Amino acid sequence: VVTSDVDSDVLLMIDSGPISGTGIVLKSALDFGMDMQGVAFGPTGRIYVTSAADNLVYSAPRSLPNGLTKDDLVPIGAGSGLDDPRGITFGPDGHMYVANNGTASVFEFDPSGALVGEIGTGPMTSATYLAFACNGNLYVSSPADDAVFVFDGEGTNINQIDVAGPGGIAFGPDGNTWIVSDDTGNVLAFD
């Protein structure tokens, strides 16, 4: 398991082996001092982290070796207009999608790291978390709007789910859409 700790600005890798004692074994903790927000594994297994401080996405080897420094990371998105990037995910097309909070939209990058499009310009006033449903629709949290916006494969806004302070989004085996409400502290299920 890999996660970014926004409060301490550390990228954590937790051993996924058997749970014993405290239950969590910290394998690696890397502090790059770059206001890390989102983390995702890419199609080739590399780790991608958004940096709100640098307005970039960084790519790192999956193993996150100890001693890795920011200089060892591969920056992506320079000159693309990233502004306060938050969540990150990879779509069914293998492209990288970044919730760009500063423009309240989602930037789409191809596998080479080139910006190829922008989704959501207009309906949202913030963009923080995002996830793809199995049908290929993209769900984007917009806390400023108290809503999650749903975009189809063409980037058209097709639905809006009202949630107080939406956070993370996941899709369950039950077919429901699960959304964290940061404002209420609840996890909500939607058909």
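Of the contacts in this chain with a separation of 6 or more, 32% are between residues 24 or more positions apart, and I should say straight away that this is a predicted model, so that the percentages and distances I quote are read as computed from predicted coordinates. The chain holds 191 residues, of which buried residues make up 48%, and its secondary structure consists of 18 strands and zero helices.

A word on confidence before the details. The average pLDDT over the chain is 85, and 81% of the residues score at least 70. The stretch to treat with caution is residues 18-29, where pLDDT stays under 50, although the model has 18 contacts beyond four places in sequence for that stretch. Where pLDDT is low, the predicted coordinates should not be read in detail, and I will leave that segment there.

Let me turn to the sheets. One of them is an open sheet of four strands in the order E8-E9-E10-E11, with antiparallel pairing; its edge strands are E8, residues 85-90, and E11, each of which pairs on one side only, and the twist averages 25 degrees from one strand to the next. Within this sheet, strand E10, which covers residues 105-109, is joined to E11 by four bridges, the two running antiparallel, and here Phe-107 stands opposite Glu-118 of E11.

Another is an open sheet of three strands, ordered E16-E17-E18 and again described by antiparallel pairing. Strand E16 (166-171) and strand E18 (186-190) each have a single partner strand, so one side of each is left without a neighbour in the sheet. Neighbouring strands of this sheet are turned against each other by 25 degrees on average, direction ignored. Strand E17, residues 177-181, pairs with E18 in the antiparallel sense over five bridges, and Trp-178 faces Ala-189 in E18.

Now to the packing. The largest nonpolar core has 14 residues, and those that touch the most other members are Tyr-97, Val-106, Met-124, Leu-130, Leu-138, Val-140 and Phe-151. Two or more residues of this core come from each of strand E9 (96-100), E12, strand E13 (138-142) and strand E14 (147-151), with the largest share, three residues, coming from E14. A second, separate core has eleven residues, including Ile-76, Ile-88, Phe-107 and Phe-109; Phe-107 is the residue I placed opposite Glu-118 a moment ago. To return to Met-124 in the largest core, its contacts, leaving aside neighbours within four places in sequence, are with Ala-104, Ser-105, Ile-119, Val-140, Ser-142, Asp-145, Phe-149 and Phe-151.

Several loop residues deserve a closer look. Which residues does Thr-128 touch, if we do not count those up to four places away in sequence? They are Arg-86, Gly-87, Ala-99, Asn-101, Ser-141, Pro-143 and Pro-166. Thr-128 sits in the loop between strand E11 (115-119) and strand E12 (130-132), and with a relative accessible area of 8% it falls under the 20% limit and therefore counts as buried.

Arg-86, one of those contacts of Thr-128, has a relative accessible area of 24% and is partly exposed. Its side chain meets that of Asp-84 in a salt bridge, at 2.9 Å from N to O, and a search of the whole structure finds one salt bridge. Asp-84 itself is placed in the loop between strand E7 (74-76) and E8, and its phi is near 65 degrees, a positive value in a residue other than glycine.

Asn-55 also has a positive phi, near 55 degrees, and is likewise a residue other than glycine. Asn-55 lies in the loop between strand E5 (47-51) and strand E6 (56-60), and its relative accessibility of 26% makes it partly exposed.

Finally, Ala-133 belongs to the loop between E12 and E13. Is Ala-133 buried or exposed? Its relative accessible area is 11%, so Ala-133 is buried. Beyond residues up to four places away in sequence, Ala-133 touches Tyr-139 and Phe-171, and its C-alpha lies 9.7 Å from that of Gly-172, a residue 39 positions away in sequence.

Key:
Residues numbered from 1 in each chain as written. Predicted model: local features only at pLDDT ≥ 70, side-chain atom pairs only at ≥ 80, totals over all residues. Heavy atoms only, no water. Buried < 20%, exposed > 50% of the residue type's maximum accessible area, 1.4 Å probe, protein only. Contact = heavy atoms within 4.5 Å. Core = buried A, V, L, I, M, F, W, Y, C linked by side-chain atoms within 4.5 Å. pLDDT = per-residue confidence, 0-100. Salt bridge = Lys/Arg side-chain N within 4 Å of Asp/Glu carboxyl O. Pairing = 2+ DSSP bridges. Axes fitted to C-alpha atoms, helices over the stretch in contact; angles between N-to-C directions.
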